[in-house]
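User: Can you walk me through this one? I'd like the fold, the core and any odd backbone spots.

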Amino acid sequence: MTNDEQKIKILNNLVAHYGYQYWWEQENRIADWVSMILIQQTTEKNANKALDNLTPHLTVESLLTIDLKTLQELIRPAGFYKQKSGYIKALIEWFASHDADLEKFRSYPTEVLRKELLAIKGVGGETADAMLLYIFERNVFIADQYAMRLFTRFGYGPYKNYEAMRREFNHLTEQISHQQCKEWHAAIDVHGKQFSKNKKMDERFLLA
């Protein structure tokens, strides 16, 4: 079995074990998109509190016009609310500059679109890839800390940084469905949280 085949087996076994999580599949794509900013450096619980506060404003028009101080107060539960309010404004302004139409991006090559996202204030590599995967429906590999730790435990790596692991794994996503690609990321993170609670977990089932 090649290294690529082994990696794919581990990832598919993770999904089979934990089941589909269906992350970021709200009908309101703006809600999912904004939550990707809110979740940075905080817990899911706190991000959801902030998102709930924003419920009346989760449209492009409302987020463009809302007063910055009001926005900051609404998202305060997510922490770093001054920075994140600026990031949300920058993201929505960028989207509005493209006529606030997701369909317009279908012709964009994935790496071109990624460069545009990375140019938005507050959007780093991991967040850009989450947006590509869940908002723009592109198959990309999210090489977060849970992914790095998982594959390091299986003898791959070490990975110098996010981009280094992404380069090694991203081509694997060309061989799977979009839904499975989304579930790879979810299963990695769900497993990572389980492993952090039980460092003695026997992970050999992922190789079966």
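**Backbone, fold and core**

Analyst: Let's start with a loop. Pro 158 sits in the loop between helix 9 (145-153) and helix 10. Keep in mind that this is a predicted model.

User: What kind of peptide bond joins Gly 157 and Pro 158?
Analyst: A cis one, with omega at about 0 degrees.

User: OK, back up. How many helices and strands does the protein chain have?
Analyst: The chain has 11 helices and 0 strands. Along the sequence the pattern is simply α-α-α-α-α-α-α-α-α-α-α.

User: And how compact is the protein chain?
Analyst: As compact as a globular protein of that length, because its radius of gyration is 18 Å, close to the 17 Å that the globule rule gives for 208 residues. The C-alpha trace spans about 55 × 40 × 30 Å along its principal axes.

User: What share of the residues is buried?
Analyst: Buried residues make up 46% of the 208 in the chain.

User: What about contacts between residues at least 6 apart in sequence: what share joins residues at least 24 apart?
Analyst: That share is 64%.

User: Now the core. Which residues touch the most other members of the largest nonpolar core?
Analyst: Trp 33, Leu 38 and Leu 117 do, in a core of 64 residues. Helix 2 (residues 29-38) gives the largest share of this core, with 7 residues. In general, nonpolar side chains in soluble globular proteins tend to be buried together.

User: Which residues does Leu 117 touch, leaving out those up to four places away in sequence?
Analyst: Trp 94, Val 123, Ala 128, Met 131, Leu 132 and Phe 136. Three of the helix 8 residues listed as buried are on that list: Ala 128, Met 131 and Leu 132.

User: So is helix 8 enclosed or open?
Analyst: Helix 8 (residues 125-134) is largely enclosed by the rest of the structure, because 9 of its 10 residues are buried. Among them are Gly 125, Thr 127, Asp 129 and Tyr 134.

User: What covers the buried residues of helix 8?
Analyst: The cover includes helix 2, helix 6, helix 7 (110-118), helix 10 (162-169) and helix 11 (178-197).

User: Switching to the surface. How much area does the protein chain expose?
Analyst: About 10700 Å², and carbon and sulfur atoms supply 50% of it.

User: And the charges: how far apart are the mean positions of the positive and negative ones?
Analyst: They are 8 Å apart, for 27 positive and 27 negative charges.

User: Where is Phe 80?
Analyst: Phe 80 is in the loop between helix 5 (68-74) and helix 6 (81-97).

User: Why does Phe 80 count as partly exposed?
Analyst: Because its relative accessible area is 41%, and partly exposed runs between the 20% and 50% cut-offs. The C-alpha atoms of Phe 80 and Leu 102 are separated by 28 Å, with the two residues 22 apart along the chain.

User: Back to the backbone. What is phi of Ala 100?
Analyst: Near 50 degrees, a positive value in a residue other than glycine. Ala 100 lies in the loop between helix 6 and helix 7. At 34% relative accessible area, Ala 100 is partly exposed.

User: And what is phi of Glu 137?
Analyst: Near 60 degrees, again a positive value in a residue other than glycine. Glu 137 is found in the loop between helix 8 and helix 9. Its relative accessibility is 46%, so Glu 137 counts as partly exposed.

How values were computed. Residues are numbered from 1 along each chain as its sequence is written. This is a predicted model: local features need pLDDT of at least 70, side-chain atom pairs count only at pLDDT 80 or more; totals for chains, interfaces and linings use all residues. Side-chain values use heavy atoms; hydrogens and water are left out. A nonpolar core is a set of buried Ala, Val, Leu, Ile, Met, Phe, Trp, Tyr and Cys residues joined through side-chain atoms within 4.5 Å. Buried means under 20% relative accessible area, exposed over 50%, partly exposed in between (1.4 Å probe, protein chains only). Helices (H or I, at least four residues) and strands (E, at least two) are DSSP runs, numbered from the N terminus. Contact means heavy atoms within 4.5 Å. The radius of gyration is taken over C-alpha atoms; the globule rule is 2.2 Å times the number of residues to the power 0.38. Accessible areas come from the Shrake-Rupley method with a 1.4 Å probe; for residues, only the protein chains shown count as cover. Lys and Arg count as positive and Asp and Glu as negative; His and the chain ends are not counted. The place of a charge is taken as NZ of Lys, CZ of Arg, CG of Asp or CD of Glu.
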